[in-house]
Amino acid sequence: MAQFTVRTAEQLPSLLQAFRKEACLTQGEVALRLGISQQTYSAMERNADKVGAARLLKLLNILGVELALGKPSPTPAPVPPGQRAATDKPAW
């Protein structure tokens, strides 16, 4: 699975489900590894925004997923029409 930029907690449930399925694990198997019931895991997967950091990291480890943090790249300022950007080469 490719890398994903997660900006909101609402994105987590579908990503966790996709990573679990990619790992060929059922909810019951993940729950067993977490030491919780399948019903508790199901609720956790649906409401991932309520999961604590330690439990989320343990879950990601079970799913074989890494968590990487970073700052977004700054977006360059738009170049006004008729002007060239500072990185453009001269037209000669």
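**Exercise 1. The buried face of helix α1**

In this predicted model, Leu12, Leu15, Leu16, Phe19 and Arg20 are the residues of α1 that are buried. Determine how these buried residues are arranged around the axis of α1, and state which helices are included in what covers them.

*Solution.*

Step 1. The view to take is down the axis of α1; in that view the buried residues fall within an arc of 135°.

Step 2. Because the arc is of that extent, the buried residues line one face of the helix.

Step 3. The cover over the buried residues of α1 includes α2, α3 and α4, the last of these spanning residues 53-63.

Step 4. These elements can be placed in the whole chain. The protein chain has four helices and zero strands, and its pattern along the sequence reads α-α-α-α. Of its 92 residues, 25% count as buried.

**Exercise 2. The packing of α1 against α3**

Describe how the axes of helix α1 and helix α3 are placed relative to each other, and identify which residues of α1 and α3 meet.

*Solution.*

Step 1. Two packed helices are described by the angle between their axes and by the distance between those axes.

Step 2. For α1 (residues 12-22) and α3 (residues 38-46), the axes come within 7 Å and cross at roughly 125°.

Step 3. An angle over 145 degrees would count as roughly antiparallel, and one of 65 to 115 as roughly perpendicular. The crossing therefore makes α1 oblique to α3.

Step 4. On the α1 side, the residues taking part are Pro13, Leu16, Gln17 and Arg20; on the α3 side, they meet Tyr41, Glu45 and Arg46.

Step 5. Sorted by class, this contact of α1 with α3 comprises three nonpolar, one polar and three charged residues.

**Exercise 3. The salt bridges**

State how many salt bridges a search of the whole structure finds. For each, give the N to O distance and decide whether the partners are buried or exposed, or partly exposed.

*Solution.*

Step 1. The search of the whole structure yields two salt bridges.

Step 2. One of them joins the side chains of Glu45 and Arg20, with an N to O distance of 2.8 Å. This pair links distant parts of the chain, since Glu45 belongs to helix α3 and Arg20 to helix α1, 25 residues apart.

Step 3. The cut-off for a buried residue is under 20% relative accessible area. Glu45 has 4% and is therefore buried; Arg20, at 7%, likewise counts as buried.

Step 4. The other salt bridge is formed by the side chains of Lys50 and Asp49, at 3.3 Å from N to O.

Step 5. Lys50 has a relative accessible area of 67% and is exposed, whereas Asp49, with 42%, is partly exposed.

Step 6. The surroundings of Arg20 complete the picture. With residues up to four places away in sequence not counted, Arg20 touches Leu25, Thr26, Gln27, Val30, Tyr41, Glu45 and Leu63.

**Exercise 4. The residues that follow α1**

Which residue following α1 has a positive phi, and where do Cys24 and Ala23 lie?

*Solution.*

Step 1. The residue with the positive phi is Cys24, which follows α1. Its phi is near 60°, a positive value in a residue other than glycine.

Step 2. Cys24 is placed in the loop between α1 and α2, the latter covering residues 27-34. Its relative accessibility is 66%, so Cys24 counts as exposed.

Step 3. Ala23 is also found in the loop between α1 and α2. At 30% relative accessibility, Ala23 counts as partly exposed.

Step 4. Ala23 and Gly64 stand 41 residues apart in sequence, yet their C-alpha atoms are 7.5 Å apart in space.

**Exercise 5. Leu67 and long-range contacts**

Locate Leu67, name its contacts outside its sequence neighbours within four places, and state what share of the contacts with a separation of 6 or more joins residues 24 or more positions apart.

*Solution.*

Step 1. Leu67 is in the segment after α4, and with 53% relative accessibility it counts as exposed.

Step 2. Apart from neighbours within four places in sequence, Leu67 is in contact with Leu57 and Leu60. Leu67 and Leu57 are 10 residues apart in sequence, with 7.8 Å from C-alpha to C-alpha.

Step 3. For the protein chain, residues 24 or more positions apart account for 44% of the contacts with a separation of 6 or more.

Note on methods: Residues numbered from 1 in each chain as written. Predicted model: local features only at pLDDT ≥ 70, side-chain atom pairs only at ≥ 80, totals over all residues. Heavy atoms only, no water. Axes fitted to C-alpha atoms, helices over the stretch in contact; angles between N-to-C directions. Helix = DSSP H or I, 4+ residues; strand = E, 2+ residues; numbered from the N terminus. Parallel < 35°, antiparallel > 145°, perpendicular 65-115°, else oblique. Contact = heavy atoms within 4.5 Å. Nonpolar A, V, L, I, M, F, W, Y, C, P; charged D, E, K, R; others polar. Buried < 20%, exposed > 50% of the residue type's maximum accessible area, 1.4 Å probe, protein only. Salt bridge = Lys/Arg side-chain N within 4 Å of Asp/Glu carboxyl O. Arc of directions from axis to C-beta.
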